[in-house]
Amino acid sequence: MKYFSKALLAICSAAISAGALSAQNYAWPANYEGVMLQGFFWDSYEDTKWTNLESQADELSEYFKLIWIPNSAWCGGTRNMGYMPQYWFTNHKSAFGSEEELRSMIDTFKGKGTGIIADVVVNHRNGVNGWYDFPVEEWNGRTWSIGLDGICSNDEMASNSGQPKPTGAPDTGDNFDGCRDLDHTNANVQDNVKNYCKFLLEDLGYAGFRYDMVKGYAGKYTKIYNEYAKPTFSVGEYWDGNVSNVTRWIDATGKQSAAFDFPQKYAVNNAFHTNNLRLLVSTVNGAQQPSGLIKGDYRQYSVTFVDNHDTYRDGSRFNGNVGAANAFILCSPGTPCVFLPHWKMYKNQIKRLIRVRNAVGVNNMSQVTVLKSAGDVYMARVTGTKGELVVRIGSTTDTPEGYTDADIKTQGNGYCVWTKTAVNLDDIQAPQEAFTVYFDNADTRWTTPHIHYWGGDEESTYPGEPMTRKKGTVWEYTLPKGTTQILFNDGNGDDTKTGDYFAEPEHIYTTTDDLGVYEDNGLASYPPKLYLLGNLVTGSWKTNQGVTLSRKSKQYSADLVELAPAVAGKPESYFTFVSKLGTSASDWNTVNSGDRFGAMTKDEAITVGTPSYVKLYAANTAAGSAFSWKATEGKYSVLVDLDEMTVLLQTPTAIDETLADPDEDAPAIYYNLQGVRVDNPVAGPYIRVRGSKVEKIYIR
């Protein structure tokens, strides 16, 4: 055994302390159990102004320990999201409220144990009136400013003949064309950024940072800024779906910052879009683990999400079962970041999921064992500090070994969660007043959907109560106060029904997914054109032809569409609508690969002069989901109303060619109904001008 002097031990102790201090991590706490909320979305000026968020502090702080808000300084307009920053240290009046309101909100949430995360945009900066006139600001007894030497030499300003040449070093990352790219190699720029970060923490009271567009400058500078300002939380927007690229950035920061888990976001996108839940899993060293950064050593630095303000409005938007996708991230390691629109649409479901996560003690470093991975199911056991849970995502009814239905703590469309740990869910209830829910009958095609409800003061007797058609394929029912659970069925008392749902006010349900909050302006965007296809005299879908309907607002019309006589095997004529025709369409399936409008049942008869039922289908709906109408042969005018979701077929009054002309000497000049002259008119409707007489006619 070797002995050391007290002096030597003191030196060693000091060295160890210094080493521990230098290795201090300011990125994201290990074993962190909190959940974050992105407290805004694009153009959410009224929805997420500081006073509005503060008014929800009691509810939000119960479920979220971090709330990320937009850049809070003035950026040049009252409707500006903050990503073209001007001020850093002063003028923290923004599109979301005054500085006083900002400070009040931060203090209120801090008092309830919830930290506010600042959106730190330091990759680029905008001038107050021009390209580079950054404001000169005073804070902490110093003057802060950045000049031309703080702008990258290869910024687009350098090639603009009307601007001076920036004298900074070349950019260390991706260029941003909207503002001046800052030179992070410049000592003055670094000093400004470091103290701006310190100001956000020590003066305004933020808990940490979300760094915007960190691909725009080298990761080592984030390390410099965090080691100076010492935020408890730091997460970078390294927008890249490649795991290695994101982990390299985390390493470049010295692991002084977490990163948004874009690799997992894209895996979740693909898994739900392709109905292949195997994509939720990847294999590491022969073992299956959830996709993205949450496997292995980087799960501490993974901030998971389903959507954010940017992805929600571009091609990266999640298109699938939102409730199940949130169940996946909330029942996995990493730090989940819930998107505000999802919270608003699925509030009770997300509340239950967070309650289960917290009760079990799931944290950002929890261990995961994948129990099943197939195209239709993902099942995993997650171990927390207080117990374990098992989550199932998918359409199967598998029950994990060792668990029964009595252990189910929460479930929804496409997901189920079991745990033997006690979870208090009793106070998460539907409103204590009557409220309305909706059901989209598009996929089920039930004659009259019924709703069965229970959990409140009143319960229905199965099959429940008939619903009322609201609009198009959407049906509605007003539930009694306190109702907590519902299911939908065909009303015949058999097993033709949906699974159980939690009752969410103003929510639309389907057999395949929860669509979200009902909006009276419809369920989908309307196509720019609509084609009438089917057994037409003028063409058929087999020859990639049809009749283009004229558009006026959300109504489409065509005059004198002629349905052909009966054909072999189909005694009546038939037709349907699609939003567009592919140039290579040669069969019914190809033609109908786009948005489709059609009958609810196969070859449904349409009554002339009476509005009949039309259903708007989402893009790329598989052929067969909308059927054709049948009608007797003849000439019709067609009116499709995509607001009321009806189609009207009427018999037009044709004007025959008149043999006796009142002005025999004047030549007849023909125009189509759009006012274009036609020299050799064939059968169809026209405007004829002869002398002083103008009339609408139909040439047979």
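Q: Which residue stands opposite Met379 in β16?
A: Lys372 does, in this predicted model. Strand β15 (residues 367-374) and β16 run antiparallel, joined by 7 bridges.

Q: What makes β15 and β16 count as paired strands?
A: The cut-off is at least two bridges between the strands. β15 and β16 have 7 bridges, so they pair. They form a hairpin, with 2 residues between them.

Q: What does β16 form with β17?
A: A hairpin, with 4 residues between the two strands. Strand β17 (residues 388-394) is joined to β16 by 7 bridges, and the two run antiparallel. Thr383 has Glu388 in β17 as its bridge partner.

Q: Why is strand β16 called mostly covered?
A: Buried means under 20% relative accessible area. In β16 (residues 377-383), 5 of the 7 residues are buried.

Q: How do you know whether Tyr501 is buried or exposed?
A: Its relative accessible area is 4%. The cut-off for buried is under 20%, so Tyr501 is buried. Tyr501 lies in strand β26 (residues 501-502). Its C-alpha atom is separated by 9.4 Å from that of Gln349, 152 residues apart along the chain.

Q: What makes helix α11 largely enclosed by the rest of the structure?
A: 12 of its 14 residues are buried, so the rest of the structure largely encloses α11. Among the buried residues are Gln349, Ile350, Lys351, Arg352 and Ile354.

Q: How do you know that the span of α11 agrees with its number of residues?
A: At 1.5 Å a residue, the 14 residues of α11 (residues 347-360) should span 20 Å. The end C-alpha atoms are 20 Å apart, so the two values agree. Gly361 follows α11 and has a positive phi, near 80 degrees.

Q: Which residues have the most contacts inside the largest nonpolar core?
A: They are Trp28, Phe64, Tyr206, Tyr378 and Ile393, in a core of 116 residues. Helix α5 (residues 187-204) gives the largest share of this core, 8 residues. A second, separate core has 23 residues, including Leu530, Ala558, Tyr636 and Val647.

Q: Why might such cores be expected?
A: In soluble globular proteins, nonpolar side chains tend to be buried together.

Q: Which residues does Phe64 touch, not counting those up to four places away in sequence?
A: Phe64 touches Val35, Met36, Leu37, Thr114, Val338, Trp343 and Ile354.

Q: What is the order of the 8 strands that close into a barrel?
A: The order is β1-β2-β3-β8-β9-β10-β13-β14, with parallel pairing. The twist averages 25 degrees from one strand to the next. Helix α7 (residues 243-252) packs on the sheet and touches β9 (233-236) and β10 (258-260). The direction of α7 makes about 150 degrees with that of β10.

Q: In what sense do β1 and β2 pair?
A: Strand β1 (residues 36-38) and strand β2 (residues 66-68) pair in the parallel sense, over 3 bridges. Gln38 has Trp68 in β2 as its bridge partner.

Q: Which strands stand at the edges of the open sheet β23-β24-β20-β27-β28?
A: β23 (468-471) and β28 (516-517) do. Each has a single partner strand, so one side of each is left without a neighbour in the sheet. The sheet has 5 strands and mixed pairing.

Q: Where does pLDDT stay under 50, with 1 contact beyond four places in sequence?
A: Over residues 1-23. Residues 521-526 also stay under 50, but the model has 13 such contacts beyond four places in sequence for them. Where pLDDT is low, the predicted coordinates should not be read in detail. The mean pLDDT of the protein chain is 85.

Note on methods:
Residues are numbered from 1 along each chain as its sequence is written. This is a predicted model: local features need pLDDT of at least 70, side-chain atom pairs count only at pLDDT 80 or more; totals for chains, interfaces and linings use all residues. Side-chain values use heavy atoms; hydrogens and water are left out. The expected span of a helix is 1.5 Å times one less than its number of residues. Buried means under 20% relative accessible area, exposed over 50%, partly exposed in between (1.4 Å probe, protein chains only). A nonpolar core is a set of buried Ala, Val, Leu, Ile, Met, Phe, Trp, Tyr and Cys residues joined through side-chain atoms within 4.5 Å. Contact means heavy atoms within 4.5 Å. Axes are lines fitted to C-alpha atoms, for helices over the stretch in contact, and angles run from 0 to 180 degrees between N-to-C directions. pLDDT is the predictor's confidence in each residue, from 0 to 100.
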